[in-house]
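Hello,

Here is the structure you were going to look at. My notes follow below it.

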Amino acid sequence: MARFRRVETPHTDWCTRDHRCGVNEHRSADIIADAAGGRAIITRVRAADVDYAEIRIRVPLSRSESAAREQLGTALHLCRELLTAVAAIMPSALARRTDRWAIGRQAA
Ligand SMILES: [Zn+2]
């Protein structure tokens, strides 16, 4: 019988240090952005030695099937652009940034 062994990792400076953290996964408080009747929730996660942003988005769709399909296509396109834009940010670029979009946003 196979045995799984997970190595415990310490809490981070940004994780919630509560039930949301696991043995080797640490999670921040949710950061919420509301707009146009929808909601986006971003959670910073460290799983083992990898950090990533978990993003959940609820987007209201039109009752018109054709409009809903157009909205889904637009959402997919923008998700690809988001992934590309975030991946393009390099540590050297962060030092030059003066805008901090997340400051002042609601955290849950
Ligand atoms: Zn933690």
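C21 has 13% relative accessibility and so counts as buried (buried is under 20% relative accessible area, exposed over 50%, partly exposed in between, with a 1.4 Å probe and protein chains only). This is a predicted model, in which local features need pLDDT of at least 70 and side-chain atom pairs count only at pLDDT 80 or more, while totals for chains, interfaces and linings use all residues. Residues are numbered from 1 along each chain as its sequence is written, and side-chain values use heavy atoms, with hydrogens and water left out.

The zinc site comes next. C21 (SG) is one of the protein donors of the zinc ion, together with H11 (ND1), C15 (SG) and H26 (ND1), at 2.1 to 2.3 Å from the ion. Donors here are N, O and S atoms within 2.8 Å of the metal (3.2 Å for Na, K and Ca); water is not among the atoms, so sites may look incomplete. The spacing of the donor residues in sequence is H-x3-C-x5-C-x4-H. Within this set, C15 and H26 link distant parts of the chain: C15 is in the segment before strand 1 (25-27), H26 is in strand 1, and they are 11 residues apart. Strands (E, at least two residues) and helices (H or I, at least four) are DSSP runs, numbered from the N terminus.

The arrangement is tetrahedral because the 4 donor atoms subtend angles of 99 to 123° around the zinc ion; for four donors, the criterion is that all angles lie between 85 and 135 degrees. The ideal angle for four tetrahedral donors is 109.5 degrees. C15 is buried, at 8% relative accessibility, and H26 is buried at 1%. The disulfide count is 0, taking a disulfide as a pair of cysteine sulfur atoms within 2.5 Å.

Two alanines have backbone angles to check. A36 has a positive phi of about 50° although it is not a glycine. A36 sits in the loop between strand 2 (31-35) and strand 3 (38-47) and is exposed, at 81% relative accessibility. A48 also has a positive phi, near 60°. A48 lies in the loop between strand 3 and strand 4 (50-58), and at 40% relative accessibility A48 is partly exposed.

For the chain as a whole, there are 2 helices and 5 strands, in the order β-β-β-β-α-α-β from the N terminus. Of the 108 residues, 11% are buried.

Regards

How values were computed: Four donors count as tetrahedral if all angles lie between 85 and 135 degrees; four count as square planar and six as octahedral if opposite donors are over 155 degrees apart and all others between 65 and 115; anything else is irregular.
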